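Me: I am new to this structure and would like a close look at a single part of it. Please take one strand and follow it out to its surroundings.

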Amino acid sequence: MRQPTMPIRSPFESSIAKPGQGNVVLSLLPPNNPTLTTLTYKYPLKLVPRAPGFIPEPDPAALSDKCPSMPVHLYLLTYGGGLLPGDHIEVSIKLDPRTRMVVTTPQGSTKIFKTDSKTDSNFNVIKGHRKKLPANESISDMSQQSLDVKIGRQAAICYLPDPSVPYKDSRYAQVQKFTVDASAKGDQRSSLCVLDWVTQGRTSRGENWNFRFWKGRNEVWAADEKTGKNRLLLRDSVILDDESEAIDADDDEELDIGGMSGSNSHLVHADTPSQAGLVPLNIIQERTRPHGVVGTLILSGPVFDSLGAYFMHQFTSQPRIGSRNWSSESSAPEPSISTNGDVTWTAARVRAGFVLVKFGAKDFETAKVWLGGLLREEGSIAREFGEEALFCL
Amino acid sequence: MFADTLKSEGLELEISQLEARLHDLRSQLDATTYPSPPSSHPDTKTQWTIPSDLYNNKFQSESVRSSSLHALLLLSDSALPLGSFAYSSGLESYLAHNKHLRANPSVSFHRFLKLSIASIASTSLPYVLAGYRHPETIETLDNDLDASTPCIVAQRASVAQGRALIGVWERAFRGSFAAPNRSTDTGAQVAVTSIDEFSDTLKSTLGEVDEYDMGPKGHFAPLWGVVCRAMGLDLQQTAYIYILNHAKAVLSAAVRASVMGPYQAQNILASQSLQDTMMARIKREWNTQVEEAGQVVPALDLWVGRHELLYSRIFNS
């Protein structure tokens with residue numbers, strides 16, 4: 001009997017030049033054997049495949065087409081459970097047709113450590129491996145993570161990671177790009193389920209949106225291999241910036257309107273006393289209020305169709321805001337998970353069959369219980385990918 | 001003691017009124033020498049300054065004719081039939097979600113206005129600027145903005161206004177502004193061709209839907225940039241009117257939602273602090289590429305998206 005090859009290379013091999021880079025290819029070897037044909041990574045990134053424990057229940061009605069292969073579970077880790085200033089994680093994943101992958105982060109949260117060029121030396125003492133950072137280069141001392149996933153036809157990825165927890169004074173930028181096969185139609189389409197969420201920081205330390213910069217961008221592209229054309233299907237981008245930095249180096253002068261601001265500045269304040277109390281010390285807090293965590297869930301493709309429909313149904317059947325219960329005898333509708341008062345959320349079926357769920361909750365625990373509850377109640381993720389896909393929720 | 005307090009309060013009131021008057025007069029004076037916001041874009045001329053010979057008794061038709069004043073006034077007119085006032089940009093939903101702030105509607109509204117301007121500047125303004133700078137890319141810009149609009153409510157509002165803008169351009173402005181020798185700016189001619197082509201594609205692909213190729217939608221922001229280019233506005237004016245029109249629409253919605261009276265709304269609209277806020281946001285997004293555009297106020301997406309859940313609505317968004 002032919003053994004499927006598992007060419008897992010040593011992580012210490014120098015095939016990848018830059019630290020923090022990782023490369024994964026999931027192929028389907030005959031007859032129906034999902035195999036990681038490439039798996040490389042370099043410090044501080046770590047990619048660990050989990051032994052496939054979950055076998056989806058064979059559904060006789062759709063054995064051949066709908067459930068093509070066993071999902072492969074990949075853990076995405078970083079040493080220390082987070083990112084230091086200057087760390088640049090770059091993961092690229094390719095899913096061949098009909099494969100399925102579950103990606104989770106088994107570290108409870110992705111910690112974004114603080115950026116402070118003065119403490120660079122301290123970091124170097126503690127983390128001897130990390131390269132010395134050039135001082136005062138704002139871009140290079142920002143933590144960055146990029147994820148590039150190519151999803152073949154009928155392939156599916158379920159990516160429900162822990163939230164990003166940016167510490168006080170940290171700076172972080174993340175770009176997650178998913179590319180689907182444009183030529184696949186109907187049931188042949190690629191499927192994806194992606195969660196991206198960020199919290200206010202370490203509440204135990206009283207942090208409340210005290211980081212300097214956090215940017216999360218998720219894009220889905222349709223690539224046509226024949227024409228080589230790429231088309232943007234969805235872009236979800238959240239920028240939380242305390243705006244403490246000048247935007248342009250060459251365009252730095254204050255927005256001084258012809259001497260007007262000097263003579264009139266006190267009047268401007270006197271003019272709008274109501275605003276004086278509003279000027280927040282923390283601009284990010286002001287823009288996320290009253291939430292302690294905000295996030296987005298992106299669903300697309302045949303595998304997540306029923307989940308998307310479920311979210312839409314839950315959303316539209318929320319009680320109307322500002323309505324009154326005119327019939328006194330009828331009991332109030334049973335409080336279900338989706339109408340939890342501490343979670344404010346919205347779901348929309350945007351273009352190309354995407355369902356976009358956006359939510360804000362008072363804290364991480366509330367969001368986790370709410371989202372985990374909905375995903376478990378609907379059940380298709382556990383059914384298709386196994387309970388461990390919901391590991392972070 | 002009580003009488004003293006009363007007296008000092010009266011004095012304070014009078015002082016603040018005088019200060020407000022002084023402020024108004026200063027603003028009027030300054031408005032005549034209003035400079036442009038800092039620009040790093042080389043091909044733009046600034047037209048903010050009305051020449052000082054305005055005070056001469058001689059009528060100078062050239063000063064009006066050579067500037068883009070006429071187009072500027074047309075595009076900032078609240079009677080421009082875009083239907084902008086059918087939308088509250090999330091204000092109605094915000095009020096419904098923040099009932100506890102009803103006690104002080106003015107404070108609550110100021111907060112919303114500030115958030116709303118920051119959000120429109122970070123999400124849409126880069127598309128306005130890109131539409132102006134590269135009118136020929138309108139179709140890509142339209143697709144990318146459509147992909148970046150996270151909810152149906154905002155999408156409907158943007159598309160309705162964008163298509164209305166094309167309608168106004170074709171039925172009203174095109175005849176006067178698209179004459180080939182009217183402008184020395186070749187970009188303006190490119191802009192005219194771009195709108196024509198885009199409009200044709202828009203009409204010919206109506207109803208034709210592919211899973212991954214949705215066809216053009218006609219979003220407002222990039223079209224605004226292109227139309228302003230075609231009408232001879234400069235980039236600063238284009239950005240400023242875009243944000244100002246947004247502020248006007250939100251304020252108008254506030255009046256109709258009984259948050260404030262019309263005079264108070266005009267007071268805010270005229271205020272220096274609103275100008276400063278708008279300028280600061282424009283300056284911040286001046287060089288933002290459309291790829292980098294994004295939502296800076298996540299809470300606003302939630303309010304706009306949940307507008308559909310309101311029991312009673314007077315606005316479309």
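Reply: In this predicted model, a good place to begin is Trp197(A), which stands opposite Gly295(A) in strand E16 of chain A. Trp197(A) belongs to strand E13, residues 191-199 of chain A, and since nine of the nine residues of this strand are buried, the strand is largely enclosed by the rest of the structure. Ser191(A), Cys193(A), Leu195(A), Trp197(A) and Thr199(A) point one way from E13(A), while Leu192(A), Val194(A), Asp196(A) and Val198(A) point the other way, and buried residues make up both sets.

The strand has paired neighbours. With E16(A), residues 293-300, E13(A) runs antiparallel, and eight bridges join the two. With strand E10 of chain A, residues 156-159, the pairing is parallel and extends over four bridges; here Val194(A) in E13(A) is the bridge partner of Tyr159(A).

Tyr159(A) also leads to the empty space inside the model. The largest cavity has a volume of about 190 Å³, and of the 19 residues that line this cavity, those closest to its centre are Thr110(A), Gln145(A), Tyr159(A), Asp162(A) and Gln174(A). E13(A) itself supplies at least two residues of that lining, as do strands E4 and E12 of chain A, and the lining as a whole divides into eight nonpolar, nine polar and two charged residues.

The second largest cavity holds about 120 Å³ of space, and Gly295(A) is among the five of its 15 lining residues that lie closest to its centre. Its lining draws at least two residues from each of several elements, including E13 and E16 of chain A and helix H14 of chain B.

How values were computed:
Residues numbered from 1 in each chain as written. Chains lettered and ligands numbered in written order. Predicted model: local features only at pLDDT ≥ 70, side-chain atom pairs only at ≥ 80, totals over all residues. Heavy atoms only, no water. Buried < 20%, exposed > 50% of the residue type's maximum accessible area, 1.4 Å probe, protein only. Pairing = 2+ DSSP bridges. 1 Å grid on protein atoms, 1.4 Å probe; cavity = no way out; pocket = protein on both sides within 12 Å on 5 of 7 lines; lining within 4 Å. Points joined across faces, edges and corners; volume = space filled by probe spheres on them. Nonpolar A, V, L, I, M, F, W, Y, C, P; charged D, E, K, R; others polar.
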